[in-house]
Amino acid sequence: MEVVEIQIVGRRYTLRSERPPSHIQAVAAFVDEKLCEVAGGDPAAVQRDHAILAALNIASELFLLRARNDELASAVDGAIGELVERIDRVLAPSAPSPLR
């Protein structure tokens with residue numbers, strides 16, 4: 001577990017995480033950006049309500065990405081199923097031709 005220092009709206013935090021420091025810093029930068037966004041670009045103006053709005057925006061993005069991921073996974077499953085059926089048809093033994 002590594003110790004990582006991050007900064008969000010001008011305040012420093014020291015975290016311990018099993019994730020790589022670069023990941024933690026990227027997440028912190030994303031949260032900082034969202035907080036500043038809902039506070040009108042002024043980090044000093046961030047209040048609890050801004051944090052809640054930022055959390056809602058981040059959660060909304062997460063939900064949208066999960067839904068898109070589910071759609072893509074379903075499309076991939078369908079395409080794989082079709083390919084398997086095609087392969088099965090090609091590899092299936094031909095029906096014996098009637099003897100004359």
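In which sense do strand 1 and strand 2 pair, and over how many bridges? I opened the notebook with this point and found that strand 1, residues 2-8, pairs with strand 2, residues 11-17, in the antiparallel sense over seven bridges. I note at the outset that the model is predicted.

**Entry 1: the chain as a whole**

I looked up the secondary structure and recorded two helices and two strands. Read from the N terminus, the order of these elements is β-β-α-α.

I then turned to the overall dimensions. The C-alpha trace spans about 90 × 30 × 15 Å along the principal axes of the chain. The radius of gyration is 26 Å, whereas a compact globule of 100 residues would have one near 13 Å.

I next looked up burial and surface. Of the 100 residues in the chain, 12% are buried. The accessible surface of the chain comes to about 8,300 Å², and carbon and sulfur atoms account for 57% of this surface.

For contacts, I considered residues at least 6 apart in sequence; 21% of the contacts between them join residues at least 24 apart. For charge, I noted 11 positive and 15 negative side chains. The centres of these two sets lie 4 Å apart.

**Entry 2: the hairpin**

I returned to the two strands and looked up which residues face each other. Glu-2 stands opposite Ser-17 in strand 2. Gln-7 has Arg-12 of strand 2 opposite to it.

How many residues lie between the two strands of the hairpin? I found two residues between strand 1 and strand 2. Val-9 is placed in this loop, and Gly-10 is also in the loop between strand 1 and strand 2.

I examined Val-9 with some care. Its phi is positive, at about 40 degrees, although Val-9 is not a glycine. As a general matter, most residues other than glycine have a negative phi.

Is Val-9 buried, partly exposed or exposed? Val-9 has a relative accessible area of 25%, so I entered this residue as partly exposed; the partly exposed class lies between the 20% and 50% limits. Gly-10 has a relative accessible area of 59% and is therefore exposed, since exposed means over 50%.

I also looked up a spatial partner for Gly-10. Pro-43 is 33 residues away along the chain, and the C-alpha atoms of Gly-10 and Pro-43 are separated by 7.0 Å.

**Entry 3: helix 1**

I moved on to helix 1, which covers residues 21-38 and contains Ala-29. Ala-29 counts as partly exposed because its relative accessibility is 44%. Where does Ala-29 lie in relation to Gln-7? The two residues are 22 apart in sequence, and I recorded 7.8 Å between their C-alpha atoms. Gln-7 is the residue already entered opposite Arg-12.

Phe-30 is likewise found in helix 1. At 32% relative accessibility, Phe-30 counts as partly exposed.

Which residues does Phe-30 touch, if residues up to four places away in sequence are not counted? I found Ile-58 and Glu-61. Ile-58 is 28 residues from Phe-30 along the chain, and their C-alpha atoms are separated by 9.2 Å.

**Entry 4: summary**

I close with the points to keep in view. The chain runs β-β-α-α, and its two strands form a hairpin. Val-9 carries a positive phi in the turn of that hairpin. In helix 1, Phe-30 touches Ile-58 and Glu-61.

How values were computed
Residues numbered from 1 in each chain as written. Predicted model: local features only at pLDDT ≥ 70, side-chain atom pairs only at ≥ 80, totals over all residues. Heavy atoms only, no water. Helix = DSSP H or I, 4+ residues; strand = E, 2+ residues; numbered from the N terminus. Rg over C-alpha atoms; globule rule 2.2 N^0.38 Å. Buried < 20%, exposed > 50% of the residue type's maximum accessible area, 1.4 Å probe, protein only. Contact = heavy atoms within 4.5 Å. Areas by Shrake-Rupley, 256 points an atom, 1.4 Å probe, with all protein chains shown as cover. Lys, Arg positive; Asp, Glu negative; His and termini not counted. Charge placed at Lys NZ, Arg CZ, Asp CG, Glu CD. Pairing = 2+ DSSP bridges.
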